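User: Please take a close look at one part of this structure, a polar side-chain cluster and what surrounds it. I would like one connected account that also says how far the model can be trusted.

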Amino acid sequence: MAAFKRGDDVEIISQEKGFEGSFYEAVIISKVSDNDYIVQYTTLVKEDDSSAPLRAFIPGDEIRPVPEDSTPENGFQVKQMVDVYYNDGWWTGKITGKVGNKYRVRFEHPKDRGVYSPTHIRIHRDWINGEWIKAETKMSNCLITAPINSRLVD
């Protein structure tokens with residue numbers, strides 16, 4: 001497991017119903033124990049104050065570093081596993097085709113599809129034992145299965 005420090009850019013996995021397996025960008029605010037952190041989300045805001053960024057207490061096993069840029073030089077390929085940035089987070093899907101200079105993507109969670117610009121797509125990688133592992137071309141369940149048991153903080 002990676003140790004994070006104040007100011008690190010990270011991503012937090014969601015297991016909330018309807019948001020399973022999606023990742024949300026955040027910054028480490030503080031480390032509160034060996035494996036627990038307070039983060040401030042980059043795109044999510046408080047329910048009662050949409051001008052205030054959401055902060056939460058997050059276990060370390062639900063946090064990963066931000067992946068390196070992974071846009072392929074020759075574009076994405078059909079059946080390639082990717083992450084697509086939409087709805088304030090990164091969602092895992094599979095390329096199913098191309099429309100002009102955009103790509104069709106099918107998602108498992110939620111069962112959905114869409115067409116996205118390559119600027120909103122990256123190659124899907126899993127963070128396993130402190131290393132980035134490139135995903136296979138088949139759709140599979142996310143390797144991180146721990147539910148989010150976070151407590152919101154002010």
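Analyst:
**His124 and its surroundings**

In this predicted model, His124 sits in the loop that links β10 to β11 (125-128). Its relative accessibility is 6%, and because buried means under 20%, His124 counts as buried. The side chain of His124 makes polar contacts with two aspartate side chains, that of Asp83 at 2.6 Å and that of Asp126 at 3.0 Å. Leaving aside residues up to four places away in sequence, His124 touches Met81, Val82, Asp83, Thr92, Lys134 and Ala135.

Thr92, one of these neighbours, belongs to strand β7 and, with a relative accessibility of 18%, also falls under the 20% limit and therefore counts as buried. The side chain of Thr92 makes a polar contact of 3.4 Å with the side chain of His124, while a polar contact of 3.1 Å joins Thr92 to the side chain of Asp83. Asp83 thus has side-chain polar contacts with both His124 and Thr92. Beyond residues up to four places away in sequence, the contacts of Thr92 include Gly21, Phe107 and Glu108, as well as Met81 and Val82.

The nonpolar surroundings come next. Ile121 touches Asp83, and its other contacts outside the four-place sequence window include Val82, Val84, Trp90, Ile95, Tyr103, Val105 and Tyr116. Ile121 is also among the residues with the most contacts inside the largest nonpolar core, a set of 25 residues in which Ile12, Val39, Tyr41, Ile63, Val84 and Val105 are likewise listed. At least two residues of this core come from each of several strands, among them β1, β6 (81-86), β7 (89-99), β8 (102-107) and β10 (121-123). In soluble globular proteins, nonpolar side chains tend to be buried together.

Strand β1, one of those contributors, can be followed further: four of its five residues (9-13) are buried, so the strand is largely enclosed by the rest of the structure. β1 runs antiparallel to β2 (residues 23-33), to which five bridges join it, and antiparallel to β5 (residues 63-65), to which three bridges join it. Glu11 stands opposite Glu25 in β2 and has Arg64 as its bridge partner in β5.

As for confidence, the chain has a mean pLDDT of 85, with 86% of its residues at 70 or more. Over residues 137-154, however, the pLDDT is below 50, although this stretch has 44 contacts in the model beyond near neighbours in sequence. Where pLDDT is low, the predicted coordinates should not be read in detail.

Note on methods
Residues numbered from 1 in each chain as written. Predicted model: local features only at pLDDT ≥ 70, side-chain atom pairs only at ≥ 80, totals over all residues. Heavy atoms only, no water. Buried < 20%, exposed > 50% of the residue type's maximum accessible area, 1.4 Å probe, protein only. Pairing = 2+ DSSP bridges. Core = buried A, V, L, I, M, F, W, Y, C linked by side-chain atoms within 4.5 Å. Contact = heavy atoms within 4.5 Å. Polar contact = N/O pair within 3.5 Å; in protein donor to acceptor, adjacent residues only side chain to side chain. pLDDT = per-residue confidence, 0-100.
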